[in-house]
There are 6 protein chains.
Amino acid sequence: MLHFAILFCLLVASANASVQDFCVADLKAPQGPAGYSCKSPTKVTAKDFVFSGLVGAGNTSNIIKAAVTPAFDAQFPGVNGLGLSMARLDLAPKGVVPMHTHPGASEILVVTQGSITAGFISSSDNKVYTATLKKGEVMVFPQGLLHFQINAAGVTSVALVTFSSPNPGLQILDFALFANDLPTDLVSKTTFLDPALIKTLKGVLGGTN
Amino acid sequence: MLHFAILFCLLVASANASVQDFCVADLKAPQGPAGYSCKSPTKVTAKDFVFSGLVGAGNTSNIIKAAVTPAFDAQFPGVNGLGLSMARLDLAPKGVVPMHTHPGASEILVVTQGSITAGFISSSDNKVYTATLKKGEVMVFPQGLLHFQINAAGVTSVALVTFSSPNPGLQILDFALFANDLPTDLVSKTTFLDPALIKTLKGVLGGTN
Amino acid sequence: MLHFAILFCLLVASANASVQDFCVADLKAPQGPAGYSCKSPTKVTAKDFVFSGLVGAGNTSNIIKAAVTPAFDAQFPGVNGLGLSMARLDLAPKGVVPMHTHPGASEILVVTQGSITAGFISSSDNKVYTATLKKGEVMVFPQGLLHFQINAAGVTSVALVTFSSPNPGLQILDFALFANDLPTDLVSKTTFLDPALIKTLKGVLGGTN
Amino acid sequence: MLHFAILFCLLVASANASVQDFCVADLKAPQGPAGYSCKSPTKVTAKDFVFSGLVGAGNTSNIIKAAVTPAFDAQFPGVNGLGLSMARLDLAPKGVVPMHTHPGASEILVVTQGSITAGFISSSDNKVYTATLKKGEVMVFPQGLLHFQINAAGVTSVALVTFSSPNPGLQILDFALFANDLPTDLVSKTTFLDPALIKTLKGVLGGTN
Amino acid sequence: MLHFAILFCLLVASANASVQDFCVADLKAPQGPAGYSCKSPTKVTAKDFVFSGLVGAGNTSNIIKAAVTPAFDAQFPGVNGLGLSMARLDLAPKGVVPMHTHPGASEILVVTQGSITAGFISSSDNKVYTATLKKGEVMVFPQGLLHFQINAAGVTSVALVTFSSPNPGLQILDFALFANDLPTDLVSKTTFLDPALIKTLKGVLGGTN
Amino acid sequence: MLHFAILFCLLVASANASVQDFCVADLKAPQGPAGYSCKSPTKVTAKDFVFSGLVGAGNTSNIIKAAVTPAFDAQFPGVNGLGLSMARLDLAPKGVVPMHTHPGASEILVVTQGSITAGFISSSDNKVYTATLKKGEVMVFPQGLLHFQINAAGVTSVALVTFSSPNPGLQILDFALFANDLPTDLVSKTTFLDPALIKTLKGVLGGTN
């Protein structure tokens with residue numbers, strides 16, 4: 001068994017430079033449809049595959065009493081090209097993650113503290129699939145469908161969610177409708193909401209027009 | 001050049017049975033994540049690849065003065081497995097295709113009559129990308145993002161849209177929120193809309209709770 | 001409902017920079033197997049998602065009495081990464097889009113004026129699937145198979161086609177065989193066409209050797 | 001805003017049957033390369049998207065003082081076709097999840113209790129990327145590479161892991177080498193381990209030959 | 001190290017049924033867009049992953065002095081779902097594999113006997129990429145493009161080719177144009193070949209109309 | 001049929017620049033998750049699609065009496081983006097390609113000289129699928145599973161293998177475990193091998209710690 005190292009090395013020498021086991025994002029290099037360019041493998045260290053940003057609770061001192069902390073490729077470059085990313089949800093008592101979609105990924109959620117009521121709405125028949133999850137329970141949300149999470153406990157609840165893409169996107173309904181310059185008349189025509197209500201919500205969320 | 005047919009045939013004979021050039025949907029056989037099971041190739045005819053359901057105008061005698069006629073795999077089995085499907089949009093004067101998403105596909109639209117104002121909202125910064133298109137102009141809507149179409153002409157306008165999936169899905173915002181049994185309280189919590197308004201819209205759209 | 005905008009913003013602030021809703025092609029940056037590099041999102045406007053090049057008729061004053069006007073990613077950078085592109089076919093009376101393939105995409109066609117006879121040939125058994133389509137009718141052509149379109153009306157006919165790729169490719173049979181420097185002898189051996197005929201066609205189409 | 005429900009319904013009526021928002025696995029129907037056949041949508045309920053099997057600790061009263069509890073498609077049919085699945089790792093003090101690979105998926109791990117030392121080995125240059133993670137920290141393991149997890153705390157540690165496939169596979173090195181009928185001589189030749197050692201390990205793990 | 005087998009087994013017991021390492025084709029069960037249904041894993045043996053049909057030479061006693069022997073999924077069910085298939089090319093002296101495409105796969109070829117001249121034609125500018133390969137040399141043919149192989153030796157040459165799909169398809173130009181019932185007039189219009197020539201070729205290849 | 005070249009050219013002129021038939025790797029430009037950036041098409045020649053590095057035998061004068069010569073994208077830039085790559089295996093008498101995996105690809109092998117015993121181990125139940133192949137026989141190895149090849153003849157045997165990725169990776173078990181700085185204690189804990197044995201193997205293979 002001895003002494004074969006030197007010769008054995010010849011076997012794999014020529015392959016070494018070619019293998020792309022991973023593609024840690026170089027956030028400053030060109031981005032393409034499949035993700036960011038890869039950081040040079042010689043500069044990659046174990047730290048590139050570790051993310052500590054989900055350790056602490058997000059700040060829930062806000063009107064929705066909730067926080068979403070993302071670990072997408074822009075925050076966690078190690079996931080680039082690997083088909084996965086994460087986020088942490090903190091929901092204070094009465095906290096709500098409002099109606100939203102992820103345009104580019106399915107989501108799987110596990111409750112790690114408290115209890116959460118979550119649900120999604122199918123596109124085929126507008127059917128609601130909703131459940132109240134206790135600690136350790138898992139729920140999956142199919143790609144692109146409207147869904148929500150609500151604290152179902154008297155205490156702060158926490159969930160960890162994983163997406164089937166390093167860059168799932170996050171479109172929060174209220175922000176999409178009311179936090180931009182989409183004209184009130186156009187929002188009204190396309191949602192059947194009252195113009196006065198829209199103007200109020202635009203005022204609240206910083207929208208104009 | 002003559003007389004090589006018989007022998008030449010040997011070349012391809014054994015390959016004949018194996019090629020799956022297409023997979024026309026057998027709507028009654030098992031469906032999997034990649035689509036419907038294939039109809040037996042021996043029963044496939046040219047008609048399976050042709051769809052006439054977009055020839056006529058959809059019925060726009062409704063409150064939105066608009067109609068969406070789909071040619072998805074369930075209506076047009078020939079597109080199963082081919083990564084494409086279509087739909088026809090008819091918008092009478094003042095017609096609107098309300099805010100909606102396609103959870104599983106990007107969309108490309110071409111105006112074939114009249115003029116249409118269309119737009120989508122990005123998830124990254126809620127920016128609105130909107131344009132008024134005249135006959136022959138094309139607009140593309142990235143996958144999963146909220147978008148809308150409004151007649152911009154004094155006459156009926158028509159568009160043909162193609163999706164990057166045989167089964168793109170169609171989630172119309174108002175129906176997802178108000179046409180089901182999602183409790184009013186829950187809709188209110190997750191959208192910040194007024195419960196009374198929600199109840200009104202549920203009444204209109206057939207929702208309960 | 002009031003005053004939650006400022007705090008609510010914290011929820012999504014850190015996610016903003018990371019979402020790739022789209023990847024408008026930067027035609028001058030590196031291209032990879034998945035498409036062009038993305039233009040900086042800050043420079044993207046609604047115009048990037050609109051293409052007007054299919055509004056006018058292509059020039060059919062040619063021997064085939066037909067024109068194909070592409071809206072692929074190189075012409076319409078907004079489709080990069082979105083899995084779709086388009087083209088317009090104009091066929092004057094007796095016009096023909098000759099036998100061709102798209103190596104990288106399936107195609108769906110809708111007639112918007114006149115009438116068109118179209119067909120494709122399966123690879124498994126060389127079976128021809130052909131149909132004459134009137135205005136509004138749709139036909140789908142599976143990826144990579146030889147197909148053609150012929151005007152079936154006494155007037156100019158027009159079709160809009162969509163592909164399941166931003167860059168479907170277009171290999172026109174006559175050009176592939178006769179418009180290059182492939183030696184006549186080699187064309188003859190691989191197609192069983194007469195060398196004299198090949199030389200004639202090469203002359204017509206600008207081929208050499 | 002009133003009374004448009006009935007007519008509006010016409011808009012989407014024909015699309016209802018065609019949308020495949022999800023494909024809950026029918027474990028008894030044919031399986032294909034893309035996953036299990038779909039359960040009839042009419043029989044799908046919210047429960048299909050919820051999995052409670054990760055709530056309780058796995059049994060770590062074994063020689064490795066560890067347990068892996070899977071929530072793959074066979075256990076959690078709701079993830080079929082959605083590109084995600086999960087598992088729970090319990091590591092008692094000194095517990096170890098031995099060297100293994102997932103042939104079909106990348107993995108993202110978050111520590112929810114205690115502390116875990118984890119690592120993977122690159123294929124390009126056999127470089128080890130290892131880290132000791134505390135509660136809340138995340139590590140990603142690229143697809144197909146050998147990796148391991150070891151309890152780094154004096155107490156039981158727990159991690160939740162998500163895979164980029166509903167069916168990632170799990171190949172544990174010792175079982176692959178020693179728990180089957182692969183002849184000792186062949187194992188020795190292909191691993192350079194001593195035949196006597198192999199026989200011992202086979203004895204322990206139930207292997208033969 | 002002893003006696004942990006029984007307890008260790010608990011670790012993986014629940015995962016056993018769920019892993020789909022492979023999906024050997026059940027040629028009689030439903031086929032979908034991703035391939036054939038899987039044979040029951042309990043009936044799979046090593047023989048399913050072995051194919052002996054490429055051992056012997058194909059019959060080149062035909063007009064093209066060549067034979068293509070496929071090992072696609074229909075002949076070699078073990079490749080179903082694995083993204084690969086093979087074929088063997090035998091070219092007697094002066095043998096030719098005529099112009100053809102594979103609609104669904106790229107191809108990589110290695111000469112194992114003799115010498116072969118091969119080439120493909122790009123779709124973008126009809127440029128010909130051709131090379132004469134000696135034994136052991138490799139050439140790659142991008143998906144969907146017209147290509148050919150010609151014996152370049154005075155003796156029989158052999159090549160082994162692999163495709164990037166279990167079912168690449170094989171469309172031989174002469175058969176697609178002349179071995180079916182596509183009307184002579186239509187072939188002429190779409191290829192600019194002389195009707196008389198087409199009729200001759202149809203006669204040779206068994207075509208009608 | 002004459003004189004249509006000039007006008008016909010207009011048909012495709014605008015499409016020429018846009019088609020990406022291939023993406024030959026520019027090994028010095030940015031790499032992304034889908035592969036290397038493309039070399040400028042104007043600099044691509046037929047030589048980019050040909051690889052001669054598998055013509056000669058690899059050097060088997062080593063302890064394993066075997067050599068693996070890769071034709072991955074780093075060696076053969078023409079395969080970038082095409083979903084395929086190759087390698088040549090040379091096994092002198094008693095030669096062995098030791099236990100290894102390809103994290104990113106399935107493999108198909110054909111024996112071109114001598115005889116080879118090959119096998120892989122399933123992850124689901126550690127079942128061994130093994131076969132002795134004679135010249136011309138083919139075996140397929142599903143993605144990511146441990147497998148091996150052993151010379152089964154008294155003479156040098158040769159195989160050509162193709163992978164379903166331009167960059168399949170190659171993780172050789174002994175090198176992954178013993179040829180790096182993974183601490184002996186950690187290897188022992190995760191493999192149940194004896195520390196003394198591990199230190200010996202580390203010494204042989206150049207590992208430390």
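This briefing covers the interface of chains B and C, one residue of chain B, and the annotated parts of chain A. The model is predicted: local features need pLDDT of at least 70 and side-chain atom pairs pLDDT 80 or more, while totals for chains, interfaces and linings use all residues. Residues are numbered from 1 along each chain as its sequence is written, chains are lettered from A and ligands numbered from 1 in the order in which they are written, and side-chain values use heavy atoms, without hydrogens and water.

**Interface of chains B and C**

- Contact (heavy atoms within 4.5 Å) links 52 residues of chain B with 52 residues of chain C.
- The size of an interface is often given as the accessible area lost when the parts come together.
- About 4200 Å² is buried between chain B and chain C, with 71% of this area from carbon and sulfur atoms; buried area is the accessible area (1.4 Å probe) that two parts lose on being put together, summed over both.
- Zero salt bridges are found across the interface of chain B and chain C, the rule being a side-chain nitrogen of Lys or Arg within 4 Å of a carboxyl oxygen of Asp or Glu.
- Between chain B and chain C, 13 residue pairs are in polar contact, both residues at pLDDT 80 or more; the term means a pair of N or O atoms within 3.5 Å, where within protein one must be able to donate a hydrogen and the other to accept it, and residues adjacent in sequence count only if both atoms are side-chain atoms.
- On the side of chain B that touches chain C, the strands that each supply at least two residues include β5 (85-91), β7 (107-113) and β12 (157-163) of chain B.
- β9(B) gives the most to that side, with five residues.

**Strand pairing between the chains**

- β3(B) pairs with strand β10 (residues 138-141) of chain C in the antiparallel sense over two bridges; pairing requires at least two DSSP bridges between the strands.
- Phe51(B) stands opposite Val138(C) in β10(C).

**Thr132(B)**

- Thr132(B) is in strand β9 of chain B; strands (E, at least two residues) and helices (H or I, at least four) are DSSP runs, numbered from the N terminus.
- Residues touched by Thr132(B), not counting those up to four places away in sequence, include Ser115(B), Glu137(B) and Ala152(B).
- The side chains of Thr132(B) and Thr117(B) are joined by a polar contact of 2.8 Å.

**Annotated parts of chain A**

- The unreviewed UniProt entry lists "domain: Cupin type-1" for residues 52-199 of chain A; UniProt positions are given in the numbering used here, feature names are shortened, and annotations may be inferred rather than shown by experiment.
- Residues 52-199 of chain A are 13% helix and 39% strand.
- UniProt (unreviewed entry) annotates His100(A), His102(A), Glu107(A) and His147(A) as "binding site".
- They span 48 residues in sequence, yet no two of their C-alpha atoms are more than 12.0 Å apart, so they gather at one spot.
- His102(A) lies in the loop between β6 (96-101) and β7 (107-113) of chain A.
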